[in-house]
Amino acid sequence: MKGLGGLPERLRHEVESDARPVRPLAPAWVRLGWVLLLGLCIGLVVPALVGVRPDGDALGPFLAWGAALAQGAGALWLVFLALREAVPGQGLPLGIRLASVLGGGVFQVAVGVATWARLGMPEPGPAAVAKGMTCVTMETAIGLPAVLLTALLVARAWAVRPRWAGLLGGAGAGLLADAVQHLICPVSDLQHVLIWHGGAVLLLSMSGWLAGTLVERQRTRGERSATPLAPG
Amino acid sequence: MTEGDRHERLQALMVAYQGGEMQALAELYELMRPQLKGFLQGLSWDATTAEDLVQETFLHLHRARHTYEPGRPVRPWLFGIARNVFLMHRRSSARRARHEQPAAEELPELPIAPEAERLTERSALWRALERLGEGRREAVMLHHLLEMDFKQVGAVLGIAAGTAKVRAHRGIAELRRILRVGEVGS
């Protein structure tokens, strides 16, 4: 290949083995469109299949659909941060990342508390653990497609902080799943919402963080095994 | 070549490179290698390691070339990769004690901006830089030596522009103190 003589041997070899033109990654807000589409599908299909919570009227449109939409918007913001984080030089400052992740958690708790208060502060009912396990499983299953899609979108880039990209993506998927769960789950006692719904959000967030950690370790291992390069 | 011309040239090279013109990569390498090596040597304080890290950076750049967004500044993207390559290197290798100061011929090749050069002569400046905390040193190198604005510095380091500005200013203040007190030879 002409003109590459000035490059070090290993780099030249890499370039010669892959010299194809590439299509630049679309901006983060465009890639977010895929997640928005998935979120809308999940948000419409799941309640249609499973049924909306029976106490929806008592909750009122603001605390039912309004809260779910707000959580959905928060989820999209977190995924947007993950997609920005996936491109070198485009990540947002630590303060914004931290505030966004914590803010998502706080908002989830706030929705749970507001719902519980609005419905008369119900106490935990019978078979609380069994119901909780059902909710964790359901919410995790709802969030999994979003985690996988976000992971795919992030993996196509090159995150300088993969753990953060993973955590943000996982937290976004978690909040999205919780938004849908909020519409369908008939159990409103605070213990149930904080432990089981919150637990599912945490699980999805950590799955994203774990995926990022694996990517980072793989890269570090690859760097460690690379032979020293001759100066160009 | 003015600063604006250089930025445009880098962007044009990246677009050509993404389009499959590998000659553009060779030119990008020639243009950016000295700055990258200086920056990485300022982080690693070892010329051989810095050279290796430059090559590693370009390898990752080649694999991640699709992630550059046309129209955006190239240097924050490139230096973001370089910094991450350094951090990976540091994680994967054993820390060696900083028991020796770099010899004069090993000093980073970065050009020194006039206001920094007024502080003292080159070798003393680099020895003083070594005494800065890593966060301040990075900010000083990226802003005062590589002439990135604070928004770009923040993008490379993952911090707010205001934080980058504070780090750079505190770094320069600390450099002045070190050089004034004579903790390194001038």
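Contact here means heavy atoms within 4.5 Å.

**Figure 1. The interface of chain A and chain B in the predicted model.** By this criterion, 45 residues of chain A are in contact with 40 residues of chain B. The two chains bury about 3,600 Å² between them, and 59% of this area is on carbon and sulfur atoms. Across the interface, 12 residue pairs are in polar contact, with both residues of each pair at pLDDT 80 or more. On the side of chain A that touches chain B, the elements giving two or more residues are H1, helix H4 (94-118) and helix H7 (190-225) of chain A. H7(A) provides the largest share of that side, 5 residues. For the complex, the predictor gives an ipTM of 0.85 and a pTM of 0.88.

**Figure 2. The salt bridge of Arg10(A) with Glu56(B).** The closest N and O atoms of Arg10(A) and Glu56(B) are 3.5 Å apart. Arg10(A) belongs to helix H1 (residues 9-17) of chain A and Glu56(B) to helix H3 (residues 47-63) of chain B, so this pair joins two chains. Arg10(A) is partly exposed, its relative accessible area being 25%. Glu56(B) has 6% relative accessibility and counts as buried, because the limit for buried is under 20% relative accessible area.

**Figure 3. The salt bridge of Arg65(B) with Asp18(A), and the network around this pair.** Between Arg65(B) and Asp18(A), the closest N and O atoms are 3.4 Å apart. Arg65(B) lies in the loop between H3 and helix H4 (74-92) of chain B, and Asp18(A) in the loop between H1 and helix H2 (28-50) of chain A, so two chains are joined by this pair. Arg65(B) is buried, with a relative accessible area of 1%. A network of salt bridges links Asp18(A), Arg20(A) and Arg65(B).

**Figure 4. The salt bridge of Arg63(B) with Glu14(A).** The closest N and O atoms of Arg63(B) and Glu14(A) are 2.9 Å apart. Between chain A and chain B the count is 4 salt bridges, while the structure holds 16 over all chains.

**Figure 5. A salt bridge within chain B, formed by Glu27(B) and Arg9(B).** The side chains of Glu27(B) and Arg9(B) meet at 2.8 Å, N to O. Glu27(B) is in helix H2 (residues 22-44) of chain B and Arg9(B) in helix H1 (residues 3-18) of chain B; the pair links distant parts of the chain, 18 residues apart. Glu27(B) is partly exposed, with a relative accessible area of 28%. Arg9(B) is also partly exposed, at 31%.

**Figure 6. The largest nonpolar core, with Phe79(B) and its contacts.** This core has 103 residues, and those with the most contacts inside it are Phe58(B), Phe79(B), Leu129(B) and Leu142(B). Helix H6 (residues 162-184) of chain A gives the most to the core, 13 residues. With neighbours within four places in sequence left aside, Phe79(B) is in contact with Met32(B), Gln35(B), Leu36(B), Phe39(B), Leu142(B), Leu146(B), Met148(B) and Val156(B). In soluble globular proteins, nonpolar side chains tend to be buried together.

**Figure 7. Helices H5 and H8 of chain B and their mean pLDDT.** Among the elements of chain B, helix H5 (residues 114-117) has the lowest mean pLDDT, 56, and helix H8 (residues 150-157) the highest, 95. Chain B has a mean pLDDT of 85, and 82% of its residues reach 70 or more. Where pLDDT is low, the predicted coordinates should not be read in detail.

Technical notes: Residues numbered from 1 in each chain as written. Chains lettered and ligands numbered in written order. Heavy atoms only, no water. pLDDT = per-residue confidence, 0-100. Helix = DSSP H or I, 4+ residues; strand = E, 2+ residues; numbered from the N terminus. Core = buried A, V, L, I, M, F, W, Y, C linked by side-chain atoms within 4.5 Å. Buried < 20%, exposed > 50% of the residue type's maximum accessible area, 1.4 Å probe, protein only. Buried area = accessible area lost by both parts, 1.4 Å probe. Polar contact = N/O pair within 3.5 Å; in protein donor to acceptor, adjacent residues only side chain to side chain.
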